Amino acid sequence: MWTRTALVRTVGRLRTRSLHTSATCFTEDISKDMDYVLTQDTMPLSQLPEYRFDDISTIGHLRLQKERQMLKYYRVMANEFPKLKELHEPFIPPSPSSFLTMKFTHYQGEAHPDTRKVVLTFHIKDLFNGEVLSTPLSKHKFLLLAGPRWQPPNASFVERWNTALSKGENFLSDICQKEDDLGSVKIASNSMPHESQNMKWCSDVLDRMVSEANVRVKSLLYTRILTITG
């Protein structure tokens, strides 16, 4: 009480122009209102109306909220999805010369070391049909250069390939044309800090393998494929 009286006296000595109407607010006595808040029940449960089972439980309200959410998406499907027809484009399959597949790994909204990794995959049959390798011996040399990157279809194919190799280049050419599946080659890289750099590295490795395979070496006629990697 002493503090409040001192405050009122101090305000009384101040100029009215300095505080405008605030001086009047300082002098108001709010003790009656505070006593009412402290002594009276502002939310008397006894005065609430009788529950007549005209409402649902909390679980029921949660179920209704879920139904409203589903109705929202149904309205989006009915009203917004038809507009996507304007963006429709017919599918055009890639040309036979576009047989390289680049595989990327992305974690949406999250940084991860695997996002820089790139895997280049292609089928040997598509590469041989692309006529980038000049002779059957160049195709055999390419498989030797691929090493563990080459995944043959099965063990019997390797035996047939070695048998054709021992007979000459003409038999190698025949097996390349008759066989439907010659396996695939996979080249991967994650040593570079960026995805585009690893993609360029895989592409450069393939270019060097093709260039080296076209260099004719007669001794390769006696080099057999001995190991198979899964």
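Below, a colleague and a modeller talk through the strands, helices and core of this predicted model.

Colleague: Glad to look at this with you; what are the ground rules for numbering and for confidence?

Modeller: Residues are numbered from 1 along each chain as its sequence is written, and side-chain values use heavy atoms, with hydrogens and water left out. As this is a predicted model, totals for chains, interfaces and linings use all residues, while side-chain atom pairs count only at pLDDT 80 or more and local features need pLDDT of at least 70.

Colleague: Thanks! In which order do the four strands of the open sheet run?

Modeller: Helices (H or I, at least four residues) and strands (E, at least two) are DSSP runs numbered from the N terminus, and two strands pair if DSSP finds at least two bridges between them. Strands S1 (101-104) and S3 (150-151) each have a single partner strand, so they stand at the edges. The pairing is antiparallel, and the order is S1-S2-S4-S3.

Colleague: Which residue in S4 stands opposite Leu120?

Modeller: S2 (residues 118-123) and S4 (residues 184-189) pair in the antiparallel sense over six bridges. Opposite Leu120 in S4 stands Ile187.

Colleague: And which helix packs on the sheet, touching S1, S2 and S4?

Modeller: Contact here means heavy atoms within 4.5 Å. Axes are lines fitted to C-alpha atoms, for helices over the stretch in contact, with angles from 0 to 180 degrees between N-to-C directions. The helix direction makes about 140° with that of S4, and the helix is H10 (residues 195-213).

Colleague: Nice. Which element gives the largest share of the largest nonpolar core?

Modeller: Such a core is a set of buried Ala, Val, Leu, Ile, Met, Phe, Trp, Tyr and Cys residues joined through side-chain atoms within 4.5 Å, where buried means under 20% relative accessible area with a 1.4 Å probe, protein chains only. Of its 28 residues, Ile124 and Phe142 touch the most other members. Elements that each supply at least two residues include S2, S4 and helix H7 (136-146). The largest share, six residues, comes from H10.

Colleague: How is H8 oriented relative to H9?

Modeller: H8 and H9 pack with their axes 6 Å apart, at an angle of about 150°. Their contact residues divide into eight nonpolar, no polar and two charged, where Asp, Glu, Lys and Arg count as charged, Ala, Val, Leu, Ile, Met, Phe, Trp, Tyr, Cys and Pro as nonpolar, and the others, Gly among them, as polar. Angles over 145 degrees count as roughly antiparallel, which makes H8, relative to H9, roughly antiparallel.

Colleague: What about H7 and H9, and how do they stand to each other?

Modeller: The axes of H7 and H9 come within 8 Å and cross at roughly 70°. Pro136, Leu137, Lys139 and His140 in H7 meet Glu169, Leu172, Ser173 and Cys176 in H9. Angles of 65 to 115 degrees count as roughly perpendicular, so H7 and H9 are roughly perpendicular.

Colleague: How many of the eleven residues of H7 are buried?

Modeller: The buried residues of H7 include Phe142, Leu143 and Ala146. H7 is largely enclosed by the rest of the structure, because the buried count is nine.

Colleague: One last thing: is Leu182 buried or exposed?

Modeller: Leu182 lies in the loop between H9 and S4. Not counting residues up to four places away in sequence, Leu182 touches Ile124, Trp150 and Phe157, among others. At 1% relative accessibility, Leu182 counts as buried.

Terms used: Buried < 20%, exposed > 50% of the residue type's maximum accessible area, 1.4 Å probe, protein only. Parallel < 35°, antiparallel > 145°, perpendicular 65-115°, else oblique.
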